[in-house]
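Please examine the sequence and the structure shown here before reading the notes that follow.

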Amino acid sequence: MGKTIIISNRLPVQLQISNGGITAIPSVGGLATGMKSVHSGGDSLWIGWSGLTDEEIPEELAPKIDEALAKHGSSKVKLTKNQVDGFYFGFSNRTIWPLFHYFLEYSEFELDYWNVYKDVNQKFADTILQNASDEDTIWIHDYQLMLVPQMVRNERPDISIGFFLHIPFPSFEIFRTLPWREEILEGLLGSDLIGFHTYDYERHFLSSVRRLLGLEVSFNDIYLDNRIIKVDSFPMGIDYKKFSNAAQEHSQKKPEKQSDLQQRLDKHKKSTPDGKFLLSIDRLDYSKGIAKRLNAFEYFLNKYPQYKEKVRLIILAVPSRSNVPQYQLLKKEVDELVGRINGELATVNWTPIWYFYRSLPFDSLIDLYTSCDIAWLTPLRDGMNLVAKEYVATRTDQTGVLILSEMAGSANEMNESLLINPNNFEQIADTLYTAINMPKEEQQARNKVLQKRLERYNVEKWANSFMSSLRAQKNLDAANISKRMTDHLLNGILKDYSVAKKRLLFLDYDGTLAGFHNDPQKANPDQELYQLLDRIHEQEDTEMYLVSGRDKETFTRWFLPKKYNMIVEHGVWISKDGEPFRMLENVKNDWMEKIRPVLESFVDRTPGSFIEEKNYSIAWHYRKTDPDFGNLRATELNTVLTSLIGNDDISVLNGNKVMEVKSSNVNKGRATVRVLGEDEYDFVFAIGDDWTDEFMFQELPKSTITVKVGQQKTQARFFVENTKKVRELLSRFAIKK
Ligand code: ADP
Ligand code: G6P
């Protein structure tokens, strides 16, 4: 079994140069803290940036870098100052981070940043390629590395690649503003599995894939020509034991062994027994809503003045991305707000806000979590927010109240907390009041449920479920690869073809011999196709049928002069050897009068859709409509039609962006089986791309060579990727000796 290679911009530790040596300090942020527990448990290598630029590393210390990282199972990607500026401070944190967190006005679209982002992503991909063997599993993390999956895939088509996005994926309306939106999506689609924290992010991503790349998406699978990509949500958990055990040990510490911070907190608690500590911990980031929180705190103290001198807000803001102007402005804003509020409200005995702007060691984090009565987290937008989960995990006696913003991914799983809208000061003030006065029993009842959930779905479970889903996806791929029409399989088929005494070929037209066009009349055959079909048509002992849902008038124009055999309108009409079409099935069409007005009402309400009327069927096309909207309407139409037609002899066919109503006793399967019965054939072949062709695949005998165009669920024995491959395959038939 291969190893797992984790790739992220941040490694579990950041290297720093101090006193002429290298020191490693733990990284903050959800990705690094969460993955650290996964990494330490297994056989994995973690590739990322050390935190130092090439220019910062003196020559004599260079070898020590690898040594220091190796202690943490890590390996570095070297970056110059320019690269860090363009890739990390630039595209990652001045373009993508604000855009994906809905801070559109902060997002800068700079071509130079984009170019460096591409170069650095290639550097990460190259480092992976140097370290990975084909059996390894590659797990790429977060928005800094969205192009890496495809870059690795280009060189290693069969390697297993998973990608997890730790931040929100924004709605299509936001994402579409990015000038490099297609490139980003294509980069991500190099993966086999793409994971998000919540179903909403997953939904937004799939919507962008459909609308911007026009790819087929069915449930949470994306269909490429030769691969299926799975998209799913995996809400990230925490290392629950680590936090609950640390809190347990902490509670058993003798007073003299306690940290200065803890002793100070205890002293204040003693002096105001009915006082409360509110805690907020975040990286200093505008997405976390720190400034709003300070304003809301002031609002609360004015609305409920009885809590002045009783309630203290402890704010721990961890320095982050301080080269980015928005973060510098935020720092200034928060400093000023804290100063102003404290200045205006403080008394001799009371400072309303304690503000720490630094990174604290793990033990101090535990001091704070365990000592504060209320955790108050109000991000304006947050991919997950692990601090919320960590706070609950440390509450060993199950007291404590969590107030959490609805805009955090974790709010989806923490319904028992007090959820607030971070922009609603009135609601926040009232919720703080509720939290302060919440009876102990209620606190415990809420936390009991939360703890149980967090303990069960911990970070290890999260990683395991991602990995097993990735493995399942790879196995599915492998199962499909065996059905791909490989050269080896095709050579065997060609052998049978050339020795057969009598051959019968059924070829679907749209999506098989020719690609789709918004206007069906414009998807007419080109010269190359005519020449190819001529060559097969002229072969002795070979009967070739074009089998289509098209109307007989169009095929008469296109193919009758060629004298090709044809079955049209799904099997209503047949033409052989240039004879005019005759009816193959006796069908009625008087029902069409009733169905037409229904379809017309859908055309009126669905811009871009239109009706195609044939002699014995009527179709509603929605290829030109907005894909999401079109699918929605198609589902609606299906329901309406099914209830309308009841037990009549008509049925609804769901084709490729078309819904067709036709007689039930007509389909391509029935028609082709009838033709098959007219003679003795020892080589039978059928190829098609959509649902209507499945009737052929199902009803023709098992020995038939059935081929699906595109890799989708099918009854066919083989598949080829696209119409180009269909033509290549048929041209091998055409050169039979
Ligand atoms: P984000 O990933 O946006 O920073 P999260 O809340 O998901 O937000 O993750 C923050 C992580 O960083 C948590 O695991 C938390 O324990 C850790 N962390 C936050 N502040 C500090 C700090 N001062 N010192 C050490 N770790 C911290
Ligand atoms: C978020 C991101 C991570 C990032 C972390 C800290 O959690 O999703 O990718 O590592 O913030 O930010 P930083 O810029 O310091 O790596």
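The briefing below covers the ligand site, two sheets and two hairpins.

This is a predicted model, in which local features need pLDDT of at least 70, side-chain atom pairs count only at pLDDT 80 or more, and totals for chains, interfaces and linings use all residues. Residues are numbered from 1 along each chain as its sequence is written, chains are lettered from A and ligands numbered from 1 in the order in which they are written, and side-chain values use heavy atoms, with hydrogens and water left out.

**Surroundings of ligand 1**

- Around ligand 1 there are 17 residues, of which Gly30, Arg283, Lys288, Leu360 and Glu390 come nearest; a residue is near a molecule or strand if one of its heavy atoms lies within 4 Å of it.
- The shell around ligand 1 consists of eight nonpolar, five polar and four charged residues. Here Ala, Val, Leu, Ile, Met, Phe, Trp, Tyr, Cys and Pro count as nonpolar, Asp, Glu, Lys and Arg as charged, and the others, Gly among them, as polar.
- Domain 1 (4-233) and domain 2 (240-456) each supply at least three residues to the shell around ligand 1; the domain bounds come from an automatic or database domain assignment.

**Polar atoms facing ligand 1**

- The side chain of Glu390 has an N or O atom 2.5 Å from an oxygen atom of ligand 1.
- Thr33 places a polar side-chain atom 2.9 Å from an oxygen atom of ligand 1.
- For Ser359, an N or O atom of the side chain is 3.5 Å from a nitrogen atom of ligand 1.
- The protein buries 90% of the 570 Å² that ligand 1 exposes when taken alone; accessible areas come from the Shrake-Rupley method with a 1.4 Å probe.
- Two or more residues of the shell around ligand 1 come from each of helix H1 (30-41), strand E12 (276-283), strand E13 (311-318) and helix H14 (386-393). Helices (H or I, at least four residues) and strands (E, at least two) are DSSP runs, numbered from the N terminus.
- H14 gives the largest share of this shell, three residues.

**The six-stranded sheet**

- An open sheet with parallel pairing has six strands in the order E14-E13-E12-E15-E16-E17; two strands pair if DSSP finds at least two bridges between them.
- Strand E14 (353-357) and strand E17 (418-420) are the edges, each with a single partner strand, so one side of each has no neighbour in the sheet.
- From one strand to the next, the twist averages 20°, with axes being lines fitted to C-alpha atoms and angles running from 0 to 180 degrees between N-to-C directions.
- E12 and strand E15 (residues 374-377) run parallel and are joined by two bridges, and Leu279 stands opposite Ala375 in E15.

**The nine-stranded sheet**

- Another open sheet, with mixed pairing, has nine strands in the order E5-E4-E1-E6-E7-E8-E11-E10-E9.
- At its edges stand strand E5 (74-76) and strand E9 (216-218), each with a single partner strand, so one side of each lacks a neighbour in the sheet.
- Three bridges pair strand E7 (residues 160-164) with strand E8 (residues 193-196) in the parallel sense, and Phe164 stands opposite Gly195 in E8.

**Two hairpins**

- Strand E2 (residues 13-18) and strand E3 (residues 21-26) run antiparallel, joined by six bridges; Gln14 has Ile25 in E3 as its bridge partner.
- Two residues lie between E2 and E3 in their hairpin, where Asn19 takes a positive phi near 50°.
- Strand E25 (residues 650-654) and strand E26 (residues 658-663) run antiparallel, joined by five bridges; Ile650 has Ser663 in E26 as its bridge partner.
- The hairpin of E25 and E26 has three residues between the strands, and Lys657 in the turn has a positive phi of about 60°.

Notes: Polar contact = N/O pair within 3.5 Å; in protein donor to acceptor, adjacent residues only side chain to side chain.
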